[in-house]
Amino acid sequence: MSPRKDLLDIASLQDEEIEFILANATPFKDLFKRSVKKVPTLKGRTMLTLFYEPSTRTLSSFEVAASRLSADVTRFDVDSSSVVKGESVVDTIDTLEAMRLDYIVVRHKQSGIPNLIAQNTRASVINAGDGWHAHPTQALLDAFTLREVTHNELPGKRILIVGDIQHSRVARSTSLLLRRLGMQVAYLAPGTLMPRDTPAEITRFDNWTDALDWNPHTVYLLRVQMERQADSLFPSVGEYHRLFGLTDTRLQILRDRKTWLMHPGPVNRGVEITDAGMNYDRSLINQQVENGIAVRMAVLYTLRPNPA
Amino acid sequence: MKRLYRAALIASEYHREPRRADVLVEGDRITGVADSIDPPSDATVIDCAGQILLPSLFDVHVHAREPGREDKETILSCSEAAINGGITGMVLQPNTNPAIDSAAAVQNVLDIAREKSRIWPSVFTTGAITKGRKGEELAGIAGMKGRGVVYLTDDGDSVSNPQVLRRAMEYAKQFDLALASHCEVKELSGKGCMHEGSVSYSLGLQGIPSISEEICIARDIRLAEYIGVHLHIQHVSTALGMNTIRRAKDRGIRVTCEVAPHHLIFNHEHIGNYDTHYKMNPPLRTAADNAALLQGLIDGIFDVIATDHAPHTEFEKNQDFASAPFGITGLETALPSLFHHYIAKGAFGWDLLVKRYANEPRRLIKLPDTEIKEGNLAEFILFDPSRSTTFTPDFMKSKSKNTPFLNQTLQGQVTHVHYRGQDLLSR
């Protein structure tokens with residue numbers, strides 16, 4: 001396995017790299033049970049977070065992961081920097097390059113920005129979500145979580161991903177990784193939020209009845225952006241919830257079948273999920289958050305910045 | 001000054017294989033074409049053994065960026081790029097700043113072309129259909145016609161309001177002016193930046209659906225049929241759009257159309273890792289569209305080949321895919337790319353190239369063709385199939401280098417450009 005500089009998406013990862021990251025997340029997670037949760041692995045290294053889109057949990061997760069590896073963590077404050085004055089991303093990276101950073105964690109609303117940054121820096125670039133394109137660390141933590149609950153028996157299991165597939169980098173990355181690990185994937189979405197072209201191996205549903213007949217092992221809900229209403233993608237939040245949300249009736253079916261429930265967060269209560277769904281005993285939402293730190297530690301541990 | 005081009009392989013619209021002959025040029029005209037011509041004592045003899053001699057190419061879809069964005073291209077640099085690619089005539093598009101939408105603006109751009117371009121008087125311009133290309137009010141059509149615009153177009157944008165387009169057609173018809181359409185329903189394209197399909201899904205980019213172009217092609221053809229005006233459809237990119245035009249032609253509607261080399265050669269898979277050198281509008285479609293467009297070119301559905309030469313700065317193109325501007329340069333790469341991908345492989349012959357990229361473009365704007373025969377204006381090039389061309393930044397004369405062929409090598413090279421008594425290029 002040759003050293004990898006960047007983590008930009010799932011597609012470019014080799015199978016053995018995926019296994020290496022997932023395998024290393026386990027000892028890092030074991031660390032969390034100790035009173036001292038820190039190891040000196042990345043002492044003297046610097047990680048910069050560059051978030052052009054607001055985020056709390058992913059940003060914090062990377063910061064906690066880096067600090068548990070003893071890296072120095074710096075936040076590039078996009079709001080108060082010259083990028084709001086129209087400085088291009090490439091110009092910003094030229095500036096950052098002089099700071100001799102080791103890791104740059106980037107989130108941006110445009111797809112492909114991390115790829116562009118990676119071509120212009122010797123630092124390792126980690127994609128923390130770009131546009132509709134990819135969110136590879138989310139996919140890795142989802143896979144890690146599902147391996148935990150299935151005791152490493154993913155092949156053949158079915159996962160139903162529900163919601164705004166069209167605008168979801170989580171759906172793209174997570175579905176790709178889980179398929180590579182042997183799971184069967186289906187999408188459930190209203191026609192307006194379903195991409196016209198999806199990979200042939202992904203089953204497509206437009207209603208819960210058919211989707212539940214498919215008998216998923218796990219249901220993965222996506223966050224629905226309220227502003228999609230304004231783009232005529234669905235008429236109202238109420239109608240979305242009724243037709244595509246995890247209503248209490250549908251939740252009861254999951255409960256009866258002991259189906260696992262996942263969500264990348266943050267949730268919209270009353271839209272894709274209800275309070276009862278949040279309290280469901282087979283909800284993996286908090287486990288996803290905890291595993292996110294371990295998986296991101298494993299990613300930082302795996303990547304190798306180019307030498308200066 | 002007399003020149004004898006000896007033992008060249010003469011390409012023509014009328015025979016598939018080039019035929020060996022000598023060509024004598026005196027002044028700005030061809031004065032002899034024969035199996036063997038004894039060199040007059042005062043003639044310069046140019047040995048052309050193994051080289052193709054064909055009418056110089058003529059491109060009806062060129063963005064020279066002057067006035068307004070001279071940092072990207074000027075009419076001078078554009079004409080030098082054209083010559084470098086074996087092209088000695090071009091039709092400029094009106095999306096300059098300010099737009100070419102009045103008699104004064106037409107006069108201005110033609111004055112620059114007369115003074116600066118190296119291929120005067122073979123630089124022509126279109127005029128906008130609407131003021132400022134905004135799709136709202138008619139531009140100064142009669143005035144522009146008086147200054148010599150060859151047709152009208154709001155290229156880069158469709159006239160979205162069909163009533164405005166109808167009025168423009170009715171008005172243009174009385175001056176015998178054709179209209180050219182960049183066909184796109186803007187509401188369907190939205191903020192799309194590439195073809196909507198499997199690749200836009202995996203790259204997470206907003207798509208431009210094929211129907212955006214196809215619906216507008218159908219609408220514009222129906223309007224033109226209703227009014228009875230000549231309509232020219234620019235840069236067709238989809239098989240279905242092309243077939244709509246095919247059926248219209250079969251019904252006898254006055255519609256012509258063009259295809260760009262990049263829509264034949266490339267498709268959305270080539271975008272790879274967000275390479276903005278594959279971003280243009282209409283976007284690259286699918287491999288099935290490539291095949292259908294090539295067949296359409298062979299079948300004669302496309303009247304002309306045209307590049308949609310669209311220079312942009314390196315800085316602008318070195319952005320994320322959605323933010324980078326649409327368009328690639330094409331004048332310098334068109335002929336070698338068509339030779340490399342099609343002629344060298346036998347997909348079509350030199351006759352098709354001469355017809356679709358030299359003769360028909362001239363006929364489209366009512367110029368005589370420049371077939372290699374006695375009495376015609378001497379506008380021809382030599383192309384050496386045994387050499388190759390590497391498109392380094394130094395090689396290319398355009399001020400912008402935004403081409404997918406940057407630093408690539410293609411088979412064949414334009415070795416000589418002759419324009420009405422002048423050797424514009426010789427290498």
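Me: Hi! How many residues does each chain put into the contact between chain A and chain B?
Reply: Chain A brings 22 residues and chain B brings 17 residues. Keep in mind that this is a predicted model.

Me: Thanks. What area do the two chains bury between them, and how much of it is on carbon and sulfur?
Reply: About 1,500 Å² is buried between chain A and chain B, with 55% of it on carbon and sulfur atoms.

Me: And how many salt bridges or polar contacts go across?
Reply: The rule finds 0 salt bridges across the interface of chain A and chain B. For polar contact, the count is 5 residue pairs, both residues being at pLDDT 80 or more.

Me: Which helices of chain A supply that side?
Reply: Helix H3 (89–97), helix H4 (113–118) and helix H6 (169–180) of chain A each supply at least two residues of the side that touches chain B. The largest share, 3 residues, comes from H4(A).

Me: What's the mix of residue classes there?
Reply: On the side of chain A that touches chain B there are 8 nonpolar, 9 polar and 5 charged residues.

Me: OK, switching to salt bridges in general. How many are there over all chains?
Reply: The count comes to 37 over all chains. One of them pairs Glu53(A) with Arg169(A), whose closest N and O atoms are 3.1 Å apart.

Me: Where do those two sit in the chain?
Reply: In distant parts, 116 residues apart. Glu53(A) is in the loop between strand S1 (46–51) and helix H2 (57–68) of chain A, while Arg169(A) is in helix H6 of chain A.

Me: Is each partner buried or partly exposed?
Reply: Glu53(A) is partly exposed, at 22% relative accessible area. Arg169(A) counts as buried because its relative accessibility is 12%, and the cut-off for buried is under 20%.

Me: Nice. What about Asp157(B) and Arg133(B)?
Reply: Their side chains meet in a salt bridge, at 3.1 Å from N to O. Asp157(B) lies in the loop between strand S9 (151–153) and helix H4 (162–173) of chain B, and Arg133(B) in the loop between strand S8 (123–125) and helix H3 (141–146) of chain B, so the pair ties together parts 24 residues apart in sequence. Asp157(B) is partly exposed at 26% relative accessibility, whereas Arg133(B) counts as buried at 16%.

Me: Which residue does Asp220(B) pair with?
Reply: Arg219(B), with the closest N and O atoms 2.9 Å apart. Asp220(B) counts as buried, at 2% relative accessibility.

Me: Which residues of chain B are joined into one salt-bridge network?
Reply: Glu13(B), Glu360(B), Arg363(B) and Asp369(B), through salt bridges that share partners.

Me: New topic: how is chain A divided into domains?
Reply: There is domain 1 (15–134 + 292–302) and domain 2 (136–289). Their C-alpha centres lie 26 Å apart, and 26 residues of domain 1 are in contact with 23 residues of domain 2.

Me: How much area is buried between them, and which domain 1 residues lose the most?
Reply: About 2,000 Å² is buried between the two domains of chain A, with carbon and sulfur atoms giving 58%. In domain 1, Leu22(A), Arg57(A) and Trp132(A) lose the most area to domain 2, together 32% of what that side buries.

Me: How many salt bridges between these domains?
Reply: The count is 4 salt bridges between domain 1 and domain 2 of chain A. The rule also finds 9 residue pairs in polar contact across that interface, both residues at pLDDT 80 or more.

Me: Last one: which element gives the most to the domain 1 side?
Reply: H1(A), with 8 residues on the side of domain 1 that touches domain 2 of chain A. By class, that side has 11 nonpolar, 7 polar and 8 charged residues.

Notes
Residues numbered from 1 in each chain as written. Chains lettered and ligands numbered in written order. Predicted model: local features only at pLDDT ≥ 70, side-chain atom pairs only at ≥ 80, totals over all residues. Heavy atoms only, no water. Contact = heavy atoms within 4.5 Å. Buried area = accessible area lost by both parts, 1.4 Å probe. Polar contact = N/O pair within 3.5 Å; in protein donor to acceptor, adjacent residues only side chain to side chain. Helix = DSSP H or I, 4+ residues; strand = E, 2+ residues; numbered from the N terminus. Nonpolar A, V, L, I, M, F, W, Y, C, P; charged D, E, K, R; others polar. Buried < 20%, exposed > 50% of the residue type's maximum accessible area, 1.4 Å probe, protein only. Domains from an automatic or database assignment.
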